[in-house]
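Okay, thanks for coming, everyone. Let me put the structure up and then we'll walk through a few spots together.

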Amino acid sequence: MSSSKNGSFLEGVPGFVRDALSLCLFIAGTAIALYLVDLGCIFKTMTGLSCPGCGMTRAWLSALRLDFSSALAYHPLFWAVPIAIALVYVQAPCAELVCRAEQEPGSVGRALLGVCSFVVKHGTMLLSALIAAFLALWVIRMIE
C-alpha cells in the first residue's frame with residue numbers, strides 16, 4: 001500500500017466509505033472491549049432495563065445460520081439495522097448526485113437518479129419510521 005503526502009492510504013476513497021469503515025471499526029473495537037471486560041449491555045448495566053436492541057446479536061447470529069424464525073423471535077426488527085445504516089450513509093452522496101443531475105442533465109443514469117431521488121425525498125421519513133418502530137417495540141416489550 002502506498003501512502004499519500006499526508007500519510008492516509010484511504011485518501012482516494014469516498015468520504016462515506018471512509019465513514020462506514022470507521023463506524024465498523026469503532027463498533028468492532030467496542031464489542032471486543034465489552035467482551036473482554038465482560039460488562040455486557042451498557043444500557044442495562046446503567047438503567048436496569050433491557051435496551052431497544054436487546055436480542056439483536058442473537059437475532060443476527062440466527063439469521064447468519066439461516067434460522068429466520070429464531071431471528072425474528074429474538075428481535076423482530078433485526079433486518080432494519082442495515083437499512084438504517086445504509087440510509088444514513090447514502091443520503092449525502094445521493095443529494096450530491098441529484099444536484100449534479102439538475103445542473104448537468106444526462107450526467108447521471110436514470111436508474112441511479114431515480115433511486116437517489118427517492119432516498120433524498122423519503123430517506124429521513126424512512127429512518128424516522130424505523131427509529132419509531134424500534135422505540136414502539138421496546139415499549140411493548142417493557143409492558144409485557
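I'll start with a helix that bends, then go to a serine, and finish at the surface. Keep in mind that this is a predicted model.

So, helix α6, which covers residues 110–143. How far apart should its ends be? With 34 residues at 1.5 Å a residue, α6 should span 50 Å, and its end C-alpha atoms sit 47 Å apart, so the two agree. That said, α6 does have a kink of about 60 degrees, centred on His-122.

Now look at which α6 residues are tucked away. Cys-116, Val-119 and Gly-123 are buried, and so are Leu-127, Leu-130, Phe-134, Leu-137 and Trp-138. And what covers them? The cover includes α2, at 42–47, along with α3 and α5, the latter running 80–103.

Since α3 came up, let's stop there. Ser-62 belongs to α3, residues 56–64. Is Ser-62 buried or exposed? Buried: its relative accessible area is 0%, and the cut-off for buried is under 20%. Which residues does Ser-62 touch, if we skip neighbours within four places in sequence? Those are Asp-67, Ser-70, Ala-71 and Tyr-74.

Last stop, the outside. Ile-32 lies in helix α1, residues 15–37. Ile-32 has 51% relative accessibility, and exposed means over 50%, so Ile-32 counts as exposed. Ile-32 also has company: together with Leu-36 and Val-37, Ile-32 makes a nonpolar surface patch of about 330 Å².

So that's the tour: a kink in α6 at His-122, a buried Ser-62, and a nonpolar patch with Ile-32 in it.

Note on methods
Residues are numbered from 1 along each chain as its sequence is written. This is a predicted model: local features need pLDDT of at least 70, side-chain atom pairs count only at pLDDT 80 or more; totals for chains, interfaces and linings use all residues. Side-chain values use heavy atoms; hydrogens and water are left out. Patches are made of residues with over 30% relative accessible area and no salt bridge: like charges are joined within 9 Å, nonpolar side chains (Val, Leu, Ile, Met, Phe, Trp, Tyr) within 5 Å. Accessible areas come from the Shrake-Rupley method with a 1.4 Å probe; for residues, only the protein chains shown count as cover. A salt bridge is a side-chain nitrogen of Lys or Arg within 4 Å of a carboxyl oxygen of Asp or Glu. Helices (H or I, at least four residues) and strands (E, at least two) are DSSP runs, numbered from the N terminus. Buried means under 20% relative accessible area, exposed over 50%, partly exposed in between (1.4 Å probe, protein chains only). Contact means heavy atoms within 4.5 Å. The expected span of a helix is 1.5 Å times one less than its number of residues. The bend at a residue is the angle between axes fitted to the seven residues ending there and the seven starting there.
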